[in-house]
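Student: Could you take me through one part of this model slowly, in a single connected answer? I would like to look at one helix, what surrounds it, and what follows it.

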Amino acid sequence: MARSGGGVRRSSTETKERLITAAGEILREEGYTGASARAIATRAEANSALVFYHFGGVDQLLLAALDRSSTERMAMYRELAGQARTLEELVEVATRIYRTDLERGYIAEFSELVAAAVTEPELREEINRRSQPWIDFIAGEWERVLGGSPLGMLLPAREVAYAAIAFYLGVNLFSVLDEDRSRTEAVFDLAGTLAPRAKLLTLRLPGRGAKTKEDQ
């Protein structure tokens, strides 16, 4: 009996994982309007009733898919961004994140849920809560690299983070007009060109910025 129960638990876990995977794929490929319980369940080769049994509804399942991809991306991007020591390197990291998220559909995934949240207050609250770690991440990396410099004071970390999120969302909408990505890529090319020229603005003023271990 115990063995049978364990088999049921494993099957239930596997079904939930398949539903989460399918939900993310449908959201990226078909958008929020195409992410119905039936469409997701069909992709996952499961009964649509299991969407409600395991998650309570389609929105909760879509949020679970977002949570999974966000956890994976945050771990990957923290390691990547942690290697940046200059403004130029931060721009390179931002470019790599943008290209990776665009190619894997993560920009579309997040943007679709944000668009849906406009008319759904409950979903809006959940999306807002899930965006906060990313705002903190961007602000933290900006402050780590540029805190205490003239540029860091001119462009405060939180405002930079808000601008980055706004750009991230805008890219998905702009892709309708920029099908070959050339105009969006031009923005990153411009940032890459300007970053080295702003080197004097990135030098920390005496007594400013976070202390290193050697300073403590």
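Tutor: A helix here is a DSSP run, H or I, of at least four residues, and helices are numbered from the N terminus. The model is a predicted one, and its chain has 10 helices and 0 strands, of which we can take helix H5, residues 87-104, for our close look. H5 has 18 residues and reaches 26 Å from its first C-alpha to its last, which is close to the 26 Å expected at 1.5 Å a residue. Counting a residue as buried when its relative accessible area is under 20%, we find that the buried residues of H5 are Leu87, Leu90, Val91, Val93, Thr95, Ile97, Tyr98 and Asp101. What covers these buried residues includes helices H4, H6, H7, H8, H9 and H10.

Just after H5 comes Gly105, which takes a positive phi of about 85 degrees, and helix H6 covers residues 106-117. Two of the helices that help to cover H5, namely H6 and H9, also pack against each other, at an angle of about 95 degrees and with their axes 9 Å apart. Angles of 65 to 115 degrees count as roughly perpendicular, and H6 and H9 are therefore roughly perpendicular to each other. On the H6 side, Tyr106, Ile107, Ala108, Phe110, Ser111 and Val114 meet Tyr168, Leu169, Val171 and Asn172 of H9. By class, this contact has 8 nonpolar, 2 polar and no charged residues.

Methods. Residues are numbered from 1 along each chain as its sequence is written. This is a predicted model: local features need pLDDT of at least 70, side-chain atom pairs count only at pLDDT 80 or more; totals for chains, interfaces and linings use all residues. Side-chain values use heavy atoms; hydrogens and water are left out. Axes are lines fitted to C-alpha atoms, for helices over the stretch in contact, and angles run from 0 to 180 degrees between N-to-C directions. Angles under 35 degrees count as roughly parallel, over 145 as roughly antiparallel, 65 to 115 as roughly perpendicular and the rest as oblique. Contact means heavy atoms within 4.5 Å. Ala, Val, Leu, Ile, Met, Phe, Trp, Tyr, Cys and Pro count as nonpolar, Asp, Glu, Lys and Arg as charged, and the others, Gly among them, as polar. The expected span of a helix is 1.5 Å times one less than its number of residues. Buried means under 20% relative accessible area, exposed over 50%, partly exposed in between (1.4 Å probe, protein chains only).
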